[in-house]
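Below is a colleague's note on the model shown here, set out as numbered points. Please read each point with the structure open.

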Amino acid sequence: MAKAVAEGAKTVQGLEVELSYYVAPELLSSFDAVVIGTPTYHHDMSLDMKKLFEEAAEKNVSLKGKLGVAFGSYGWSGEAPKLVLEIMKNKFEMSVIEPPLVVKYAPDAGGLEKCRELGERIAERLMHLT
Ligand SMILES: Cc1cc2nc3c(=O)[nH]c(=O)nc-3n(C[C@H](O)[C@H](O)[C@H](O)COP(=O)(O)O)c2cc1C
């Protein structure tokens, strides 16, 4: 899903996209948009993402006004990406794209297309902001 979102974002010229499994919390503030993918495990986001937010908050990393986006696969409840957006919006004062993109279990071709479309939408929003 992350690769497809990145692929979609790259179709808009002039945009730099970085796809990573890990990012140091301090580095988040150097991006115009933060796009987080997380599956829903035990009605929650993955521990890595929780840790990222926790450390970013502890270190007072400023993300105010940046674009925040979340997506993820799920089995039956799928609330993790919504929780991510809530934190982005309420704790970090980011501007978010709602609703989050969720796909049941592994994405099929249609699910991946939605990911690419999300990437394009993110890129277009950023191009209009600059
Ligand atoms: C231990 C465990 C707990 C899970 N808990 C939830 C859950 O609370 N809600 C939900 O919608 N899906 C839940 N799932 C299903 C996963 O979200 C789903 O399989 C998802 O596609 C996993 O993505 P991944 O393969 O990228 O880890 C759970 C799966 C496992 C293995």
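1. The shell around the ligand, taken by residue class, consists of 5 nonpolar and 7 polar residues, with no charged residues. Please keep in mind throughout that this is a predicted model, and that every value quoted below is to be read as belonging to that model.

2. Which residues surround the ligand? The residues in question are Pro39, Thr40, Tyr41, His42 and His43, then Ser73, Tyr74, Gly75, Trp76, Ser77 and Gly78, and in addition Tyr105.

3. The polar contacts to the ligand deserve to be looked at one by one. The side chain of Ser73 places an N or O atom 2.7 Å from an oxygen atom of the ligand, while Gly75 contributes a backbone N or O atom that lies 3.1 Å from a nitrogen atom of the ligand. Trp76 also takes part through its backbone, with an N or O atom 2.8 Å from an oxygen atom of the ligand. Of the 640 Å² that the ligand exposes when taken alone, the protein buries 67%.

4. Thr40, one of the residues surrounding the ligand, is placed in the loop between S1 and H2. Is Thr40 buried or exposed? Thr40 counts as buried because its relative accessibility is 13%, and the cut-off for that class is under 20%. The side chain of Thr40 also reaches the backbone nitrogen of Glu79, at 3.3 Å.

5. Tyr105, which also belongs to the residues around the ligand, sits in the loop between S4 and H4. Although Tyr105 is not a glycine, its phi is positive, at about 50°, and a reviewer may wish to inspect the backbone there. With a relative accessibility of 51%, Tyr105 counts as exposed, the cut-off for that class being over 50%.

6. A positive phi in a residue other than glycine is also found at Glu93, where the value is near 55°. Glu93 lies in the loop between helix H3 (80-90) and S3, and it counts as partly exposed because its relative accessibility is 45%.

7. The peptide bond between Glu98 and Pro99 is cis, with omega at about -5°. Pro99 has its place in the loop between strand S3 (95-96) and strand S4 (101-104).

8. Turning to the empty space in the model, the largest pocket holds about 1,400 Å³. Its lining is made up of 42 residues, and those that lie nearest the centre of the pocket are Glu18, Leu19, Ser20, Val35 and Ile36. Two or more residues of the lining come from each of helix H1 (2-10), strand S1 (33-37), helix H2 (47-58), strand S2 (67-74) and helix H4 (109-129). Sorted by class, the lining of the largest pocket has 25 nonpolar residues, together with 10 polar and 7 charged ones.

9. A last point concerns Gly119, which is placed in helix H4, one of the elements that give two or more residues to the lining of the largest pocket. Gly119 counts as buried because its relative accessibility is 0%. From C-alpha to C-alpha, Gly119 and Ala24 are 22 Å apart in space, and in sequence they are 95 residues apart.

Notes
Residues numbered from 1 in each chain as written. Predicted model: local features only at pLDDT ≥ 70, side-chain atom pairs only at ≥ 80, totals over all residues. Heavy atoms only, no water. 1 Å grid on protein atoms, 1.4 Å probe; cavity = no way out; pocket = protein on both sides within 12 Å on 5 of 7 lines; lining within 4 Å. Points joined across faces, edges and corners; volume = space filled by probe spheres on them. Helix = DSSP H or I, 4+ residues; strand = E, 2+ residues; numbered from the N terminus. Nonpolar A, V, L, I, M, F, W, Y, C, P; charged D, E, K, R; others polar. Near = heavy atom within 4 Å. Polar contact = N/O pair within 3.5 Å; in protein donor to acceptor, adjacent residues only side chain to side chain. Areas by Shrake-Rupley, 256 points an atom, 1.4 Å probe, with all protein chains shown as cover. Buried < 20%, exposed > 50% of the residue type's maximum accessible area, 1.4 Å probe, protein only.
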